[in-house]
Amino acid sequence: INKVSDKTEQSVASFNQPIKVRLKYNPSGIKEDYLGAYRYDEISRNWNYVRGKVDKETKAVEFTTMHFSKYTVMEYHRTFSDLSGHWAKDDIEVMASRWVVKGVGGSNFAPEANVTRAEFVSMMVRALGLEYVPDESQKFNDVKPEHWFFKEIMAACQEGIVKGVGNGLFNPQENVTREQIAVMLFRALQKYGKVWELSYAEQEEVLSQYKDKSSISQWAKNEIAAIVKLGLMKGRSSTTVAPSDACTRAESAVLIKRFMEIID
C-alpha cells in the first residue's frame, strides 16, 4: 500500500526497479543447499522456482522481484540413477535442485557425455535468471523459435554473453570447448565486476604452468587466464589447460556451481 498526497491509499502491484525480498526459514531438519524461493502462478497453479541465494548465516533466502506475488521457501532434491559413485554427484544434485541443470530423459543425467553449446548456454541463463525479451531480429540462422534452446540463446545474446561462430551461425549442437566456456564465463562475470582484462605479463604468469598454453586461441587467452586466476576453471591436468577439449556435462555443472558461488 502506498500513501499518496491526499492521504488516501492505493495498491502497488509492480515496481519500476527490482526490490530485494528476504524470506526466513527454520533450518531444523532440512538440507540448506537444496532450498529455494518459489512463486505461485495463479494461472497454472504451480510453484515456480525463483533465482535467488541461500544465506546460511541469517537463515534466509534472498531474491529480487518486480512485482508482488505469493512466495515461499521450499526444499527440492533431484537425483539421477546414473550418478551413483560419480565424483560430481553432490554438485550435480545441488544444481538440479536449483533448476539449473536437467536430465537427458528418464532418470539419467549422462554426466560423462559432452555438453553442447546450447546446453551450456542454457545452464548459464538459468543460473543468472535471465529472460528473453522478444524482438524482431534474427541473430542466427540455426537458432529458430521452434528450437528448445531458442529463448536461452537469445537471452544470453541480448546480455552480450555469447556470440556466434560467424556466417550467421551459432552451432548450438556442437560440443562446447573449454576456451569457449572460459569466454562465456568471463563476459558474465565481467558484468558483476568479478574479472577484468589482464596485462600480457599477468597472462603469461598465470598460464606458465601449462605446457600447451600456445594452443590457446588468441581471442580466448585473456579470458582463460582470468578465469584460471579466479579459481573458477582449473587445468585438465596440472600441466595442461586443454583449451580445445570438449567439456562433459558433469564438469559443466561443477563450473556453473562455482560461477554461482562467485556472483552470489
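This passage describes a three-stranded sheet and several salt bridges in a predicted model.

The sheet is open and consists of three strands arranged in the order 3-7-6, with antiparallel pairing. Strand 3 (14–24) and strand 6 (52–55) form its edges, each pairing on one side only, and neighbouring strands of the sheet are turned against each other by 25° on average, direction ignored. Between strand 6 and strand 7 (residues 60–67), the antiparallel pairing extends over four bridges, and Val54 is found opposite Val61 of strand 7.

The structure contains 16 salt bridges. In one of them, the side chains of Glu62 and Arg22 meet with an N to O distance of 2.2 Å; because Glu62 belongs to strand 7 and Arg22 to strand 3, this pair ties together parts that lie 40 residues apart in sequence. Glu62 is buried, its relative accessible area being 10%, whereas Arg22, at 37%, is partly exposed. Salt bridges with shared partners further join Arg22, Lys53, Asp55 and Glu62 into one network.

A salt bridge is also formed between Lys56 and Asp33, whose closest N and O atoms are 2.7 Å apart. The pair links distant parts of the chain, since Lys56 is placed in the loop between strand 6 and strand 7 and Asp33 in the loop between strand 3 and strand 4 (35–41), 23 residues apart. Lys56 is partly exposed, with a relative accessible area of 39%, and Asp33 is likewise partly exposed, at 32%.

In the helical part, Glu204 of helix 5 (residues 200–207) and Lys221 of helix 6 (residues 221–230) are 17 residues apart, and the closest N and O atoms of their salt bridge are separated by 2.6 Å. Lys221 counts as buried, with a relative accessibility of 14%.

Notes:
Residues numbered from 1 in each chain as written. Predicted model: local features only at pLDDT ≥ 70, side-chain atom pairs only at ≥ 80, totals over all residues. Heavy atoms only, no water. Pairing = 2+ DSSP bridges. Helix = DSSP H or I, 4+ residues; strand = E, 2+ residues; numbered from the N terminus. Axes fitted to C-alpha atoms, helices over the stretch in contact; angles between N-to-C directions. Salt bridge = Lys/Arg side-chain N within 4 Å of Asp/Glu carboxyl O. Buried < 20%, exposed > 50% of the residue type's maximum accessible area, 1.4 Å probe, protein only.
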